[in-house]
Amino acid sequence: MRHALTLTERALGRVAPNPAVGCVIVSPDDRVLGRGWTQPGGRPHAETVALAQVGQAARGSTAYVTLEPCAHHGHTPPCAEALVAAGVARVVAAVEDPDPRVKGKGFALLRGAGIDITTGVLEKDAAELNAGFFLRIKEDRPLVALKIAQSRDGKTIPPPGASRWITGEEARRFAHLLRAKHDAVLVGVGTVLADDPMLDCRLPGLEDRSPIRVVLDTHLRLPTNSRLAQTALRISTIVFTTAEGGEDLERLGTEVLRVMKGAQGRPDLRAVLGVLAQRGMTRLLVEGGPTVISRFLEESLADCLEVFTAPTELGDTASGEIAGLSDRTRFLRTATRKLGPDLLESYRLRA
Ligand code: AOF
Ligand code: ZN
């Protein structure tokens, strides 16, 4: 099951609206016969991929799956039926699929065919890996991860005239890897006006894993000559606003969506997350700026924090301190990494 769980990481960020599932098929004498994970776009499912590798040898085997095999006729025939047809003798699963089309029906179908089932194996790990999918189904919102790059004295905006980079090359590459593992990346329009970012994934070999780009833009200030607007036909770009207009952005391929007003007349975050979930997004990376990050923290809409801290102090002329970041007691630190001169601390909301 641990092996099956590691396979799901290959799928994270590229299978929305589906969960990232891993499947390992093992012979009666414990040899690995086949391995599969959910393919880009969400199909084929993990079990289908693994079974295709195993062929006739699946008879009498055990399938380890990180999620209950599906039971519905969706875009593909049900995985539970495929496991039965292949003659698998035993299924070991990590967690039940919360999708109402499946939810227990996959297990029932397998049980009805006389397959031996063990479930709940590494259940917490599996639920955590697919937290985005679970939140989309159960709370109608994606998982929200906040990415923060700060100096040792807590500044996220360098002094005027200084380099705009706070962290070093290694940290920035790691941040691109984070983009690859999310379905969408979100910034406030202030960040676009200040940095004119691309928000894509530029790691060699992972260029096709750029997430959808989302901008919070209350007054529709996104410039038509910004790199985001200019590349919107190539990489999907959504602007959330409360203002009228935006036809010039739409002509360039940007989608302009109006949502209800939240705090201070800005696009309501819960409404924004609801729209993204309806679009199938399961994992959202919020990259700034400080105002947007603070709003997610204040409204208790953050599930994960990725805090990059540089060893330098930027001093009083720098700005962009994030309200609410010093108190991280609601979060549990799950990993610490040294990235060149910088430190990355990863946190998960406590259960
Ligand atoms: C599995 N194995 O690898 C995945 C599953 O739209 P469809 O037909 O692809 O079905 C999507 C649903 O299938 C999704 O909501 C979830 O319940 C399940 N995903 N199931 O057996 C997989 N990705
Ligand atoms: Zn399936």
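Okay, let's start with a leucine in a loop: L220 has a relative accessibility of 17%, so it counts as buried, the cut-off being under 20%. One thing to keep in mind from here on is that this is a predicted model.

So where does L220 sit along the chain? It's in the loop between β8 and α9, and that helix covers residues 227-230. The backbone there is a bit unusual too: phi of L220 is near 55 degrees, which is a positive value, and the residue isn't a glycine. For background, most residues other than glycine have a negative phi, and most peptide bonds are trans.

There's another leucine like that. L199 has a positive phi of about 60 degrees, and again this is not a glycine. You'll find L199 in the loop between α8 (189-195) and β8 (212-216). Is L199 buried or exposed? It's buried, because its relative accessible area is 3%, and the cut-off for that is under 20%.

While we're on backbone, let's look at the cis peptide bonds. One joins A16 and P17, with omega at about 10 degrees. P17 belongs to the loop between α1 (2-8) and β1 (22-26). Another cis bond runs from R43 to P44, and here omega is near -10 degrees. P44 is in the loop between β2 and α2. Hold on to R43, since we'll meet it again in a minute.

Now the metal. Which residues supply the protein donors of the zinc ion, ligand 2? They're H45 through ND1, C70 through SG and C79 through SG, at 2.0 to 2.2 Å from the zinc. If you walk along the chain, the donors follow the spacing H-x24-C-x8-C. The pair H45 and C79 ties together distant parts of the chain, 34 residues apart: H45 is in the loop between β2 (32-37) and α2 (46-54), while C79 is in helix α3, residues 79-86.

Why do we call the site tetrahedral? The four donor atoms around the zinc ion subtend angles of 95 to 118 degrees, and that makes the arrangement tetrahedral. As for burial, H45 is buried at a relative accessible area of 14%, and C79 is buried as well, at 1%.

On to ligand 1. There are 21 residues around it, and the ones that come nearest are R43, A46, E47, D97 and D99. So here's R43 again: one of its polar side-chain atoms is 2.7 Å from an oxygen atom of ligand 1. H45 turns up again as well, with a polar side-chain atom 2.8 Å from an oxygen atom of ligand 1. E47 approaches a nitrogen instead: an N or O atom in the E47 side chain is 2.8 Å from a nitrogen atom of ligand 1.

How much of ligand 1 does the protein cover? On its own, ligand 1 has 520 Å² of accessible area, and the protein covers 98% of that. The shell around ligand 1 is a mix: eight nonpolar residues, seven polar and six charged.

Last stop, helix α11, residues 269-278. Its buried residues are L269, V272, L273, G274, L276 and A277. After α11 comes G280, and its phi is positive, near 95 degrees.

If you take one residue home, make it H45: it's a donor to the zinc ion, and a polar atom of its side chain lies 2.8 Å from an oxygen of ligand 1.

How values were computed: Residues are numbered from 1 along each chain as its sequence is written. Chains are lettered from A and ligands numbered from 1 in the order in which they are written. This is a predicted model: local features need pLDDT of at least 70, side-chain atom pairs count only at pLDDT 80 or more; totals for chains, interfaces and linings use all residues. Side-chain values use heavy atoms; hydrogens and water are left out. Donors are N, O and S atoms within 2.8 Å of the metal (3.2 Å for Na, K and Ca); water is not among the atoms, so sites may look incomplete. Four donors count as tetrahedral if all angles lie between 85 and 135 degrees; four count as square planar and six as octahedral if opposite donors are over 155 degrees apart and all others between 65 and 115; anything else is irregular. Helices (H or I, at least four residues) and strands (E, at least two) are DSSP runs, numbered from the N terminus. Buried means under 20% relative accessible area, exposed over 50%, partly exposed in between (1.4 Å probe, protein chains only). A residue is near a molecule or strand if one of its heavy atoms lies within 4 Å of it. A polar contact is a pair of N or O atoms within 3.5 Å; within protein, one must be able to donate a hydrogen and the other to accept it, and residues adjacent in sequence count only if both atoms are side-chain atoms. Accessible areas come from the Shrake-Rupley method with a 1.4 Å probe; for residues, only the protein chains shown count as cover. Ala, Val, Leu, Ile, Met, Phe, Trp, Tyr, Cys and Pro count as nonpolar, Asp, Glu, Lys and Arg as charged, and the others, Gly among them, as polar.
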